[in-house]
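Visitor: I would like a close look at the aromatic side chains in this model, with enough of the surroundings to place them. Please state each cut-off where it is used.

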Amino acid sequence: MNQASKTYSREFFSAMAAYAVLIILSAFLMRRLADSVWRYPIAVMPTLPLLFALGAYLRYLNRLDELQKRIQLNAIGFATGVTLILTFTYGLSEKAGLPQLSYIWVMPIFIVIWGAATYYFNHRYR
């Protein structure tokens, strides 16, 4: 594992640890303060570490060589397109009777497709 990957892993997993703590704390506080004016900031509190994870990823991208940048660009582009098409198609299908899909599922769908696409493009270019 190169230095860029080590630094990214440390920064990303620190952000994810903070996310895990805040998601649990948020759920606990939401039960206690359900009628409070603070319920909205408390509900979105777990997204703050995601900003740090995004910053870690952007710094990681800037440290990559040209081939790795190309792989990431292809993977992100593919994942974006597929996620948009899937969610749009599902949204249209809701009018035909499928249950409404919460927006909370868009990010996990994207991340799974991005991971698979990164694996594919890594092997394609090697």
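Guide: In the protein chain, residues 24 or more positions apart supply 65% of the contacts with a separation of 6 or more; a contact here means heavy atoms within 4.5 Å. The model is a predicted one, in which local features need pLDDT of at least 70 and side-chain atom pairs count only at pLDDT 80 or more, while totals for chains, interfaces and linings use all residues. Residues are numbered from 1 along each chain as its sequence is written, and side-chain values use heavy atoms, with hydrogens and water left out.

The frame comes before the rings. The protein chain has 5 helices and 0 strands, giving the pattern α-α-α-α-α along the sequence. Helices and strands are DSSP runs numbered from the N terminus: H or I over at least four residues for a helix, E over at least two for a strand. Along the principal axes, the C-alpha atoms of the protein chain fill a box of roughly 55 × 40 × 15 Å. The radius of gyration of the protein chain is 18 Å, against near 14 Å for a compact globule of 126 residues. That radius is taken over C-alpha atoms, and the globule rule is 2.2 Å times the number of residues to the power 0.38.

The surface can be put in similar terms. About 9,200 Å² of the protein chain is accessible, and 70% of this belongs to carbon and sulfur atoms; the areas come from the Shrake-Rupley method with a 1.4 Å probe, and for residues only the protein chains shown count as cover. Of the 126 residues in the protein chain, 25% are buried. Buried means under 20% relative accessible area, exposed means over 50%, and partly exposed is in between (1.4 Å probe, protein chains only).

Now the rings themselves. A pair of aromatic rings is described by the distance of the centres and the angle of the planes. Rings of Phe, Tyr and Trp (its six-membered ring) pair if their centres lie within 6.5 Å; planes under 30 degrees apart count as stacked, over 60 as edge-to-face, and the rest as tilted. The count by this rule is 9 aromatic pairs. One of them joins Phe 12 and Phe 13, with 5.4 Å from centre to centre and 80° between the planes, an edge-to-face arrangement. Phe 12 is partly exposed because its relative accessibility is 24%, whereas Phe 13, at 54%, is exposed. Phe 121 and Tyr 125 have ring centres 6.5 Å apart and planes at 25°, so this pair is stacked. Phe 121 counts as buried because its relative accessibility is 7%; Tyr 125 reaches 25% and therefore counts as partly exposed. One aromatic cluster is formed by Tyr 8, Phe 12, Phe 13, Tyr 57, Tyr 60, Phe 110 and Trp 114.

Other residues help to place these rings along the helices. Helix H1 covers residues 3–32 and holds Ile 23, which is partly exposed because its relative accessibility is 36%. Ile 23 and Ala 4 are 19 residues apart in sequence, and their C-alpha atoms are 28 Å apart in space. Ala 4 turns up again beside helix H3, which contains Arg 63: apart from neighbours within four places in sequence, Arg 63 is in contact with Ala 4, Thr 7 and Glu 11. At 39% relative accessible area, Arg 63 is partly exposed.

Helix H3 spans residues 48–63 and also holds Leu 61. With neighbours within four places in sequence left aside, Leu 61 is in contact with Lys 69 and Gln 72. Gln 72 is also touched by Thr 118, whose contacts beyond four places in sequence are Ile 71, Gln 72 and Ala 75. Thr 118 is placed in helix H5 and is buried because its relative accessible area is 16%. Helix H5, residues 106–124, also contains Met 107, which is partly exposed because its relative accessible area is 46%. Met 107 and Thr 47 are 60 residues apart along the chain, with 12 Å between their C-alpha atoms. By contrast, the C-alpha atoms of Leu 61 and Val 44 are separated by 27 Å, with their positions 17 residues apart along the chain.
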